[in-house]
Amino acid sequence: MKQFEHKVALVTGAGSGMGRDIAIVLAERGAAVTLVGRREEKLAEVAAEITTAGGRVMSVAGDVSKPEDIERAVARTVEAFGGLHYAVNNAGVFVSLDTDGTLLVERGFVLPEDMPLEPEDLAGEDVATGGADDDEDREMPEGMTAQESEPEEEDGLKPLSDRLLTELTAWRTLALRDAFAGNPHIALTELLHTLVRDLYWQVSGADCLEAYVREISLPVHSPDMPGSLPAHVLRQRNEGWKHDLPEDEDAALWQWLDGLDDTSRMALLAHCLSFGVNALHASSHGPSLARSVRERLARADRLATALALDLAEVGWQPTVENYLGRVTKARILEAVREARGAEAAERIAHLKKGDMAQAAERLLEGSGWLPEALRTANAPERTEREEGAARMTDSHDAVAAE
């Protein structure tokens, strides 16, 4: 059970800043949340984010300095959710009545390291404009390609755009799902790790495996991903199991599952769990959400290392469409230099960006080069036990696909 399961919280100032962060954390930990604030459009954005993540939420626009607005928010909360357990005063604490009727103040839900830096601490960064990469993902005029719409840029290793990082990590998530489903031993280890953390430490929301297995969709992806090798293998595996399942989803299904041999049960468990693997980069609005994304990606790195995942082996390669046409000239030259050496990079350094990207695609073909977001560090050799488990899973997949 999640920490605030079956609880209801009302958060003031929930349209932005700390109030937004607290509302999102509460929803992640199981609470039904009422968002209160003066800007209705901001509340709608936060509500949409919580709803997309599977949370329960409603919003009430109002001014907390007016008693009638507060009374209206409380009344609507009780009507919608059947009660109210926490009122969050947007100061990093939860205020409620304890079981003996005394005032209960719970602290520590916003950590000091999560607080945003003051403007003077961000000297030299493009704070006002939100970063130099915003232009990369703006809407393009009809009929214009991504390369044609790009403004002239200064050379340098600019950070990758959020859109590109999301596409790259969508690819990685898909490949992780395939590798995950092919290794039941690691799948079960990851499941137990997630469940034990949730049960004994009551933490959730930052795992790369969504243990209740809510399928994580990948709506933002590069055009080549649906036809990739991991996508094909996942579809084939899914159809194989679907073909084997009984028509009745209740008693007959339970009996069928109970009668499976251990190898098949483990393989099916890994297949089902694979749809909850989440290694996606996500734009973060606020310190708490940013920390959650960082922790999720760190655990995804650990899972990729345990699975010895190599994106080059499963078919990803840099093209103009999925990477080279989306980054700066400096990053294109860096990729060629890493894969083919300094001399190869020098040969294309004089080209315009579009021509450079096309030349780099030809140079990088078959090189196995990967951008940092797709690399797996310190991938260990598979043990004999893991190799055996993988062979048994592959054997079952082949039978199921027939």
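Begin by selecting helices H11 and H13 in this predicted model, and display the side chains along the surface they share: on the H11 side these are Lys 329, Ile 332, Leu 333, Ala 335, Val 336, Ala 339 and Arg 340, and they meet Lys 353, Met 356, Ala 357, Ala 360, Leu 363 and Leu 364 of H13. Coloured by class, this contact of H11 with H13 shows 10 nonpolar residues and 3 charged ones, with no polar residue. Now look along the two axes, which come within 10 Å and cross at roughly 20 degrees; because angles under 35 degrees count as roughly parallel, H11 and H13 are described as roughly parallel to each other. The crossing in which H11 passes H13 is left-handed.

Next, select H1, residues 17-28, together with H2, residues 40-52, whose axes also come within 10 Å and cross at roughly 20 degrees. H1 and H2 are therefore roughly parallel to each other, and H1 passes H2 in a right-handed crossing. To see the contact itself, show Arg 20, Ala 23, Ile 24 and Ala 27 from H1 along with Glu 45, Val 46, Glu 49 and Ile 50 from H2. By class, the residues in this contact of H1 with H2 are 5 nonpolar and 3 charged, with no polar residue.

The third helix pair to select is H5 with H9, where the axes come within 8 Å and cross at roughly 165 degrees. Since angles over 145 degrees count as roughly antiparallel, H5 and H9 are roughly antiparallel to each other, and H5 passes H9 in a right-handed crossing. Here the contact is built from Arg 177, Phe 180 and Ala 181 of H5 and from Ala 270, His 271, Leu 273 and Ser 274 of H9, a set that divides into 4 nonpolar, 2 polar and 1 charged residue.

Keep Phe 180 on screen and move to the interior of the model. Which residues touch the most other members of the largest nonpolar core? Within that core of 53 residues, they are Leu 176, Phe 180, Leu 311, Trp 316 and Tyr 323. Colouring by element is useful at this point, as the elements giving two or more residues to this core are H5 (162-181), H6 (184-201), H7 (229-244), H9 (262-274), H10, H11 (329-340), H12 (342-348) and H13 (353-364). H5 gives the most to the core, with 10 residues.

Centre the view on Leu 176 and, leaving aside neighbours within four places in sequence, bring up its contacts, which are Val 277, Ala 279, Ala 300, Leu 303, Ala 304, Leu 307 and Leu 309. Elsewhere in the model there is a second, separate core of 19 residues, including Phe 4, Ala 9, Ile 22 and Val 88.

From Leu 176, step across to Ala 304, which lies in helix H10, residues 287-306. Is Ala 304 buried or exposed? Its relative accessible area is 0%, and Ala 304 is therefore buried. Not counting residues up to four places away in sequence, Ala 304 touches Arg 172, Leu 176, Leu 309 and Thr 376. A distance drawn from the C-alpha of Ala 304 to that of Phe 180 should read 8.7 Å, although the two residues are 124 apart in sequence.

Now follow the chain to Ala 308, in the loop between H10 and H11. Ala 308 is partly exposed, with a relative accessible area of 26%, and its phi is near 50 degrees, a positive value in a residue other than glycine. Most residues other than glycine have a negative phi.

A positive phi, near 65 degrees, can also be found at His 6, which sits in the segment before strand S1 (8-12). At 57% relative accessibility, His 6 counts as exposed.

Stay in the segment before S1 and select Lys 2, which is partly exposed because its relative accessible area is 22%. From there, Ala 31 is 29 residues away in sequence but 8.6 Å away in space, C-alpha to C-alpha.

Finally, zoom out to the whole protein, whose secondary structure comes to 14 helices and 6 strands. Of its 402 residues, 41% count as buried, and among contacts between residues at least 6 apart in sequence, 71% join residues at least 24 apart.

Key. Residues numbered from 1 in each chain as written. Predicted model: local features only at pLDDT ≥ 70, side-chain atom pairs only at ≥ 80, totals over all residues. Heavy atoms only, no water. Helix = DSSP H or I, 4+ residues; strand = E, 2+ residues; numbered from the N terminus. Buried < 20%, exposed > 50% of the residue type's maximum accessible area, 1.4 Å probe, protein only. Contact = heavy atoms within 4.5 Å. Core = buried A, V, L, I, M, F, W, Y, C linked by side-chain atoms within 4.5 Å. Axes fitted to C-alpha atoms, helices over the stretch in contact; angles between N-to-C directions. Parallel < 35°, antiparallel > 145°, perpendicular 65-115°, else oblique. Left-handed = near helix turned anticlockwise from the far one by under 90°. Nonpolar A, V, L, I, M, F, W, Y, C, P; charged D, E, K, R; others polar.
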